[in-house]
Amino acid sequence: MSDQAVKIFTSYAHEDEGLKDEMDKYLKVLKRSGKIDAWNDRELIAGQEWNAGIMDELAKANVILLLVSVDFLASDFIWDKELAEAMKRHEAGDAFVVPIILRNCKWTSMPFAKLQALPRNAKPISEYADRDAAFTEVATGIERLVDHILSK
């Protein structure tokens, strides 16, 4: 990817990998346009230290996507490492953190609840009759953020 590409880090629970993979398809247009360089932990290579690799990529990200579900909220690694660092970077103004509500769960008391979530009105993707509409809404929201970052 070009140096101009916005670096995106996706934080998710492995139980939600199918939904993450589905979302990635909707972000493919942004990847092909050179606007984004997206990363998630499935890009770690054999022999790589996974904790260090994840935290290194998280530190480089301009945008951190939180794929929110009950499994995401229940993950100690996400809570202790990824979310703590993501919110620290958000508070410092070093990265944008975007909650994407995958499945219905009690997330409104979480540290990221103050942030604008996707899809619109924080309706869980799993509750959409048409998932294409939900993921298109998410991709459109991410593209607007990426265009905002690139315009600066």
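Which residues does Glu-137 touch, not counting residues up to four places away in sequence? They are Leu-118, Pro-119, Arg-120 and Tyr-128, where contact means heavy atoms within 4.5 Å.

This is a predicted model, in which local features need pLDDT of at least 70 and side-chain atom pairs count only at pLDDT 80 or more, while totals for chains, interfaces and linings use all residues. Residues are numbered from 1 along each chain as its sequence is written, and side-chain values use heavy atoms, with hydrogens and water left out.

**Helix H5**

Glu-137 sits in helix H5. Helices (H or I, at least four residues) and strands (E, at least two) are DSSP runs, numbered from the N terminus. Glu-137 counts as buried because its relative accessibility is 17%. The cut-offs are under 20% relative accessible area for buried, over 50% for exposed, and partly exposed in between (1.4 Å probe, protein chains only). Other buried residues of H5 include Phe-135, Val-138, Ile-142, Leu-145 and Ile-149. The buried residues of this helix pack against E1, helix H1 (17–32), strand E2 (36–39), E3 and E4.

**The loop between E4 and H5**

Pro-119, a contact of Glu-137, lies in the loop between E4 and H5. A cis peptide bond joins Leu-118 to Pro-119, with omega about -10 degrees. Asn-121 belongs to the loop between E4 and H5, and its phi is positive, near 60 degrees. Ala-122 is also placed in that loop. Its phi is positive too, about 55 degrees, although Ala-122 is not a glycine. Most residues other than glycine have a negative phi, and most peptide bonds are trans.

Asn-121 is exposed, because its relative accessible area is 70%. Ala-117, in the loop between E4 and H5, counts as buried because its relative accessibility is 4%. Ala-117 touches Pro-99, Ile-101, Trp-107 and Ala-122, leaving aside residues up to four places away in sequence. From Ala-117 to Ala-92 the C-alpha to C-alpha distance is 19 Å, with their positions 25 residues apart in sequence.

**Two pockets**

A pocket is found on a 1 Å grid over the protein atoms alone: it is an open set of points where a 1.4 Å probe fits, with protein on both sides within 12 Å along at least five of seven lines. Lining residues have an atom within 4 Å of a point. Grid points are joined across faces, edges and corners, and a volume is the space filled by probe spheres set on the points.

The largest pocket holds about 350 Å³ of space. It is lined by 15 residues, and those closest to its centre are Val-98, Gln-116, Ala-117, Leu-118 and Gly-141. Strand E4 (96–101) and helix H5 (131–150) each supply at least two lining residues. H5 gives the largest share, 6 residues. The lining divides into 9 nonpolar, 3 polar and 3 charged residues. Here Ala, Val, Leu, Ile, Met, Phe, Trp, Tyr, Cys and Pro count as nonpolar, Asp, Glu, Lys and Arg as charged, and the others, Gly among them, as polar.

The second largest pocket has a volume of about 170 Å³. Of its 16 lining residues, Tyr-12, Ala-13, His-14, Asp-41 and Ile-78 lie nearest the centre. Strand E1 (6–11), helix H2 (50–60) and helix H4 (76–91) each give two or more residues to this lining. The lining divides into 8 nonpolar, 4 polar and 4 charged residues.

**Helix H4**

Two helices supply lining residues and can be set side by side. The expected span is 1.5 Å times one less than the number of residues.

| Helix | Length | Span, first to last C-alpha | Expected span |
|---|---|---|---|
| H4 | 16 residues | 21 Å | 22 Å |
| H5 | 20 residues | 28 Å | 28 Å |H4 bends by about 35 degrees at Leu-83. The bend is the angle between axes fitted to the seven residues ending at a residue and the seven starting there. Leu-83 is buried, as are Ile-78, Glu-82, Glu-85, Ala-86, Met-87 and Arg-89 of H4. The buried residues of H4 pack against E1, H2, strand E3 (63–68), helix H3 (70–74) and E4.

Ala-84 also lies in H4. It counts as partly exposed because its relative accessibility is 41%. Ala-84 touches Ile-78 and Trp-79, with residues up to four places away in sequence not counted. Ala-84 and His-14 are 70 residues apart in sequence and 19 Å apart in space, C-alpha to C-alpha.

Conventions. Bend = angle between axes of the 7 residues up to and from the residue.
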